[in-house]
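Please report on the salt bridges, surface patches and burial in this protein model. Keep it short, and state the cut-offs.

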Amino acid sequence: MFYLYKFNQLNRLFLKICKTIQKNPLPYIFEKEIIIHNNEVLFQYLNIFTANYTGISSDFKLINPNIFIWKIFKKIIPEYEVKNILKKTTNIWKIIKIIENKNFFKNIRKNDNKIKKFEFSYLMESLFQQYILYRPKWIQEWQINEQKILKINSEKLWQMKLWNAIIKDNKKFNQSEKNFSSLFCDFKNIIKKKK
């Protein structure tokens, strides 16, 4: 069974988890309760709270949300699509190449300091990774609606152009265009088809 809890107060969240575990115990004593969260410190507090509340700490397993989602993708989406995904390190070097070749920005020129270019590329790739996780619709729209560039405000326009330049570079060298957001769209389509 899968439960989703949203609380601003940790004590109320922990109490809810403890009550749920007591109401619906796992059928096998050596099976672990899986908690999906990205904060390990919070997880340690949950163990302490459970021990105080029930008299014994349950056998918990903490899984990061990204790892959990990847495991689900691997079970449902064909393996070669999950493996052939845009890599962060590769994209950093692609961004450097794009900004050097195409003079994307007035502030960064071809003969500028390489460290400055690398730092900028690293920050841009980190920003794209955040978009892929938290704004997947933006990434999908950028790839699909390249013609509607004029409707997007200027702050996002250069980001969209840079992202599409990365995708075009991948197409040019027959590399994967898949990323977390495109896999998520594929995942949703497969789920709809298979119900």
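## Salt bridges

Asp-169 and Lys-97 form a salt bridge, their closest N and O atoms lying 2.8 Å apart. The term covers a side-chain nitrogen of Lys or Arg within 4 Å of a carboxyl oxygen of Asp or Glu. This pair links distant parts of the chain: Asp-169 sits in helix α8, Lys-97 in helix α5, 72 residues apart. Helices (H or I, at least four residues) and strands (E, at least two) are DSSP runs, numbered from the N terminus.

This is a predicted model: local features need pLDDT of at least 70, side-chain atom pairs count only at pLDDT 80 or more, and totals for chains, interfaces and linings use all residues. Residues are numbered from 1 along each chain as its sequence is written, and side-chain values use heavy atoms, with hydrogens and water left out.

A search of the whole structure finds two salt bridges. Asp-169 also bonds in this way with Lys-94. That pair, too, links distant parts of the chain, with Asp-169 in helix α8 (residues 154-172) and Lys-94 in helix α5 (residues 88-102). Lys-94, Lys-97 and Asp-169 are thus named together as a network of salt bridges.

| Salt bridge | Closest N and O atoms | Separation along the chain |
|---|---|---|
| Asp-169 with Lys-94 | 2.9 Å | 75 residues |
| Asp-169 with Lys-97 | 2.8 Å | 72 residues |

How exposed are the partners? Both Asp-169 and Lys-94 are buried. Asp-169 counts as buried because its relative accessible area is 9%. Lys-97 has 32% relative accessibility, so it counts as partly exposed. The classes are buried under 20% relative accessible area, exposed over 50%, and partly exposed in between (1.4 Å probe, protein chains only).

## Surface patches

Lys-32, Lys-61, Lys-71, Lys-74 and Lys-75 gather in a surface patch of positive charge. Patch residues have over 30% relative accessible area and no salt bridge; like charges are joined within 9 Å, and nonpolar side chains (Val, Leu, Ile, Met, Phe, Trp, Tyr) within 5 Å. Lys and Arg count as positive, Asp and Glu as negative, while His and the chain ends are not counted. Each charge is placed at NZ of Lys, CZ of Arg, CG of Asp or CD of Glu.

Helix α3 (residues 65-76) gives the most to the positive patch, with three residues. Lys-74 lies in helix α3. Its relative accessible area is 57%, so Lys-74 is exposed.

A nonpolar surface patch of about 450 Å² is made by Trp-93, Phe-118, Tyr-122 and Leu-123. Areas come from the Shrake-Rupley method with a 1.4 Å probe; for residues, only the protein chains shown count as cover. Helix α6 (residues 114-134) supplies the largest share of the nonpolar patch, three residues. Leu-123 lies in helix α6. At 57% relative accessibility, Leu-123 is exposed.

## A buried serine

Ser-181 lies in helix α9 (residues 180-194). Ser-181 is buried because its relative accessible area is 0%. Beyond neighbours within four places in sequence, Ser-181 is in contact with Ile-132, Pro-136, Ile-139 and Gln-140. Contact means heavy atoms within 4.5 Å. The C-alpha atoms of Ser-181 and Leu-133 are 6.9 Å apart, with their positions 48 residues apart along the chain.

## The whole chain

The protein has nine helices and two strands. Along the sequence, the pattern is α-β-α-β-α-α-α-α-α-α-α. Of its 195 residues, 31% are buried. The protein exposes about 14100 Å², and carbon and sulfur atoms supply 56% of that area.
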